[in-house]
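User: I'm new to this one. Can you walk me through it?

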Amino acid sequence: MTHFSTRAVLAAAAVSLVSVVTASPGTAMADPVKVGFVSTLSGPSAALGVHMRDGFMLALKEMGGKLGGQPTEVIVVDDELKPDVAVTKVKALIERDKVDLIAGVVFSNVMMAISRPVLENETFIVSGNSGPSPLAGKACSPFFFAASYQNDQNHEVMGKYAQDKGYRRVVLMTPNYQAGKDAMAGFKRHFKGEVVEEIFTPLGQLDFSAELAKISAANPDAVFTFMPGGMGVNLVKQYAQAGLSGKIPFLSAFTVDETTLPATQDAALGLMSGAQWAPSIDTPQNKAFVAAFEKEYGVVPSLYAAQGYDAASLIDGALKATGGKTADKAAFGKALAAAPFTSVRGGFTFNTNGFPIQDFYVVKAVKRPDGKYATQVEAKVFEKAQDAYVENCPLK
Amino acid sequence: MSPLAPAPAVPRPRAGIGQTAALMALLAAALALAYGLGSSYGAGLVTRTAILALAAVSLSFLIGQAGLVSFGHAAPLGIGAYAVLIAGEYDMTNILAVLPLAFGAAALFALATGAIALRTRGVYFIMITLAFAQMVFYVAASLSAFGGDDGMAIAARSTFFGARILKPDLHLALLAIALLAAAALGLEHLAASRYGLMLRAGRENETKLEALGLDPYRHRLIAISVAGGIAGVAGALLANQVEYVSPSTMNWHLSGELIVMVVLGGSRRLGGAVIGAMVVVLLDEALGRFTEHWKLGLGLVILGAVLFRGAEVRALLGKFSHG
Amino acid sequence: MTTALIVSQVLNGLQLGVILFLVAAGLTLVFGVMDFINLAHGVQYMLGAYLVAVSVAFTGHFGLGLVLGLLAALALGFVMEILVFRHLTRRDHLEQVLGTFGVILIVTEAVRMIFGSAPIAFPVPATLAGSVTLFPGLNYPVWRLVILGVGIAVAGLLWFLVNRTRIGMLVRAGSTHRETVSALGVDIDRLFLFVFAFGAMLAGLAGAMAGPLVSVEPTMGDRILIIAFVVIVVGGAGSIKGAFVAALLIGMVDTLGRAFVPDLLKSLVGRSAAATAGPALSSMLIYLLMAAILSVRPSGLFGGRTA
């Protein structure tokens, strides 16, 4: 095995250990606003995190690198979709980099892991995607704001849609983890028909042939599924190949979106999803955002990108309201709660628990005239909807 | 035992005790420096290094002394972490109960799986240990009472008869370094003993050992259990530091990373694993700051270290160390 | 449970099995000839999918793109062997594991830098994209039938190469009596070069076969690698026959486990317990199988040599 001289290695280790321990990020000059941006940037689900980060960075760029008129430093960290890694890195953001707030976070397991240390430290979190139910209900916090949605809501949209469409027998399929179970619960909140079967698959499953054969045999009126990231690509491709696309309506949330459409392409055409945003939403802000995003990154933005963009706009608006100061936490919290920005999705206000009150749509995957794939609003399902957990939140 | 006297071509590890002591002193000094500068982050980094080093040292004992390359060492580590989580849910947080529990549970797992795994050799051993680790991973992911795939925050850091002694990060760091020192020195001692000699002899020439009427299977089983137990203690410390436990602790990537630490630092000496842990933690840290594509850098360093561990580099480093 | 369901699940199992075989064949050959543990084999599977996807998009013709992509995978196999792998062949297993782990990190990250993290499109001709009716009540995807056909054809070809040609004889001999083969004047390093590149192409073919089914993204090789190792260890490292039997066995156990274990559990322990235990148990099944087989046959089903 290796035979490096012990002394040499010891010396090298000592030098580097000392350098890291002492490396304090250059003592602040003009006290810029510091944002710790946590996102999933590696592994099979990295596409979501990349979209969210790109949306945030696009907004920042458009504002000349400043939030609330203040010079801003954004420190992006990769949570690797591992809760313990995320906690370690977020503690570093707070203790080493002394960030003013944490933004981003794609996945709820990461959010649940980091929220306790961050919120206990009275540091603000502006979620760019994850909106887990505990943080909307019993464990809500005056330091937590979601620029996205509460996790259940996009599933509720599909449940309501299935109910309205008159589907009677539905098969549900999600990965076997908390978000999957929440998705099923959310769907069933407004769906009153029969759930023929609930299929749980291992997280990260590649081949859905066994499950698709079961679905085909059960022949339900519709399938509802929640398969984020690469799993969704696998499922959609295999669903089309199995010849089920035309036969059994495919309802989903976070499965068919602009992060996966470039890979699934025609296989996803016509599939329905629940969402609070789509590139087709017709407001001036949204048109400008979609055009700018496509110009900057060459791809159609997804809802993750839109939420990242909104998160930056929200922080910008709040900082403007406080004159760029975050030290007075009560004042900054109040500024955030007023949602002083124009969301690309249109109407957006915060409820008492820091989650949005907003409209929800059923969106459909289409091929645009320019050959790119995108989702487009099919119908509005909920107007100014609030989440199901706000009653349990003690904040008033 | 005289037939064994012409020891196999492995240096007697007693020489490593000085190195180990120096490494502990280095960690303690880094901790002191971090506190002196008020960098709680630096202190956290030292703690993490010490914890991973503890797991790596136990793996190094398996690889370097017994010649058993386990590709599933993250499993006992994760079991130790889950011991803290589960005990905490039942209001058991006393460190005098939790650490032995973590050690015991992990050692028991290692004993039970080792009894089967030791029937195999070489690549088969590597893969069967991985298989057992994957099983534990899926079991943990299905424990919905303890967070399932998402994992769960621990109730509180371990206590000492109700006193929250681990609440300050400094105490946790000192505990981690102390346990690392105890484990490293204990294992050095074991390696230098007749037992260690037999382990190494079994690695070099199994038939000879059996011909002498010795039972390498039993010795290896003990080594696997002890190493597993120590990894469990490391897992318990990790759970205390992060205050969150999830199945991703048992991911095979971590098993791989532990092997990287052992091999990078050199598996002949236990201190090598400590150095390896330092290098990996620091590389993660340093590269992660520069680029989103830090894994490319890490890969280049690892591959480079393996490819160019030839004479030239050694000579170069030798020059460096001799001034 | 209908016949159609059972037949389609069996076909699914076989089809997963032949994909695993394509990946495992190269891995086990490389291990057999040189006693070499190549963790980077999963990366070659991923590269195959990317290379074929890119060449199909470039040429606009599926067949042509497939051939070009596979040739590129072969060429890349030669390059990687010359740059990295030949320098690791005489090292111990531990260093091979470490070195090839480094290769995984480098290649995965490089692909991510070039193509991004998002999965890319893998075009398939329309005739192969749909499904056919095998018998009334059973529609089966055409592409999965193509995979089955290709897998069985490659297995036959390999059998022929290994058992009926000179180079195959050397490979067989090399895996059991390496010193003797070298002593007879055969350049074992050259043999390894060809076997390695060929194995890389097989992995690439597996990636291309899987491309239309799964998301083509930089980490797609990670999971398949572990399962491929399970296959070669269960089959007996170095044995092509073992790899074939084990691949089909594991493909079947995994698919049928996922298809029927949750229902079985439901009738045994009730709905709610089954909902949590079912997926865990079915993902664990192949590892349970492996542990069981190795505890009875420590060198796998067809492994003669204690590797």
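What follows is a short chat about the model, topic by topic.

User: What kind of model is this?
Analyst: It is a predicted model.

User: How confident is the predictor about chain A?
Analyst: The mean pLDDT of chain A is 89. Of its residues, 92% reach 70 or more. Residues 24-29 of chain A are another matter, with pLDDT below 50. Beyond near neighbours in sequence, that stretch has three contacts in the model.

User: How should low pLDDT be read?
Analyst: Where pLDDT is low, do not read the predicted coordinates in detail.

User: OK, chain A overall. How many helices and strands?
Analyst: Chain A has 13 helices and 14 strands. Its radius of gyration is 22 Å, and the globule rule gives 21 Å for 396 residues, so chain A is as compact as a globular protein of that length.

User: What does the C-alpha trace of chain A span?
Analyst: About 65 × 60 × 45 Å along the principal axes. Buried residues account for 62% of the 396 in chain A. Take the contacts in chain A with a separation of 6 or more: 73% of them link residues 24 or more positions apart.

User: Which domains is chain A divided into?
Analyst: Domain 1 covers 3-149 + 281-359, and domain 2 covers 153-275. Their C-alpha centres lie 30 Å apart.

User: How many residues are in contact between the two domains?
Analyst: Domain 1 of chain A brings 14 residues, and domain 2 of chain A brings 13. On the domain 1 side, helix 2 (46-62) and helix 12 (303-322) of chain A each supply at least two residues. Helix 2 of chain A gives the most to that side, with three residues.

User: And that side of domain 1, how does it divide into nonpolar, polar and charged?
Analyst: Nine residues on the side of domain 1 of chain A that touches domain 2 are nonpolar and five are polar. No charged residues appear there.

User: Now sheets. In what order do the six strands of the open sheet in chain A run?
Analyst: The order is 2-3-1-4-5-6, and the pairing is mixed. Strand 2 (66-67) and strand 6 (144-146) of chain A stand at the edges. Each has a single partner strand, so one side of each has no neighbour in the sheet.

User: In what sense do strand 4 and strand 5 of chain A pair?
Analyst: Parallel, over four bridges. Strand 4 of chain A is residues 101-104, and strand 5 of chain A is residues 124-127. Gly104(A) stands opposite Ser127(A) in strand 5 of chain A.

User: What about strand 7 of chain A: how many of its residues are buried?
Analyst: Six of its seven residues are buried, so to speak of strand 7 (residues 169-175) of chain A as mostly covered is fair.

User: And which residue stands opposite Met173(A)?
Analyst: Ile199(A), in strand 8 of chain A. Strand 7 of chain A pairs with strand 8 (residues 194-201) of chain A in the parallel sense, over seven bridges.

User: Switching to chain C. How many helices and strands there?
Analyst: Chain C has 12 helices and two strands. Along the sequence, the pattern is α-α-α-α-α-β-β-α-α-α-α-α-α-α.

User: How does the radius of gyration of chain C sit against a compact globule?
Analyst: The two agree. Chain C has 20 Å, and a compact globule of 307 residues would be near 19 Å. The C-alpha atoms of chain C fill a box of roughly 60 × 50 × 40 Å along the principal axes. Of the 307 residues in chain C, 57% are buried.

User: How many residues does the contact take from chain B and from chain C?
Analyst: It takes 35 from chain B and 37 from chain C. Helix 5 (122-141), helix 10 (252-265) and helix 12 (294-307) of chain B each supply at least two residues of the chain B side. Helix 5 of chain B has the largest share of that side, 12 residues. The chain B side divides into 24 nonpolar, eight polar and three charged residues.

User: Show me one residue. Where is Gly299(B) found?
Analyst: In helix 12 of chain B.

User: Buried or exposed, and why?
Analyst: Gly299(B) counts as buried because it has 21 C-beta neighbours inside 10 Å. The cut-off for buried is 20 or more.

User: Which residues of chain C does Gly299(B) touch?
Analyst: Gly102(C), Val103(C), Leu105(C), Ile106(C) and Glu109(C), leaving out residues up to four places away in sequence.

Note on methods:
Residues numbered from 1 in each chain as written. Chains lettered and ligands numbered in written order. Predicted model: local features only at pLDDT ≥ 70, side-chain atom pairs only at ≥ 80, totals over all residues. Domains from an automatic or database assignment. Contact = placed C-beta atoms within 7 Å. Nonpolar A, V, L, I, M, F, W, Y, C, P; charged D, E, K, R; others polar. Rg over C-alpha atoms; globule rule 2.2 N^0.38 Å. Buried ≥ 20, exposed ≤ 12 C-beta atoms within 10 Å, placed from the backbone. pLDDT = per-residue confidence, 0-100. Pairing = 2+ DSSP bridges.
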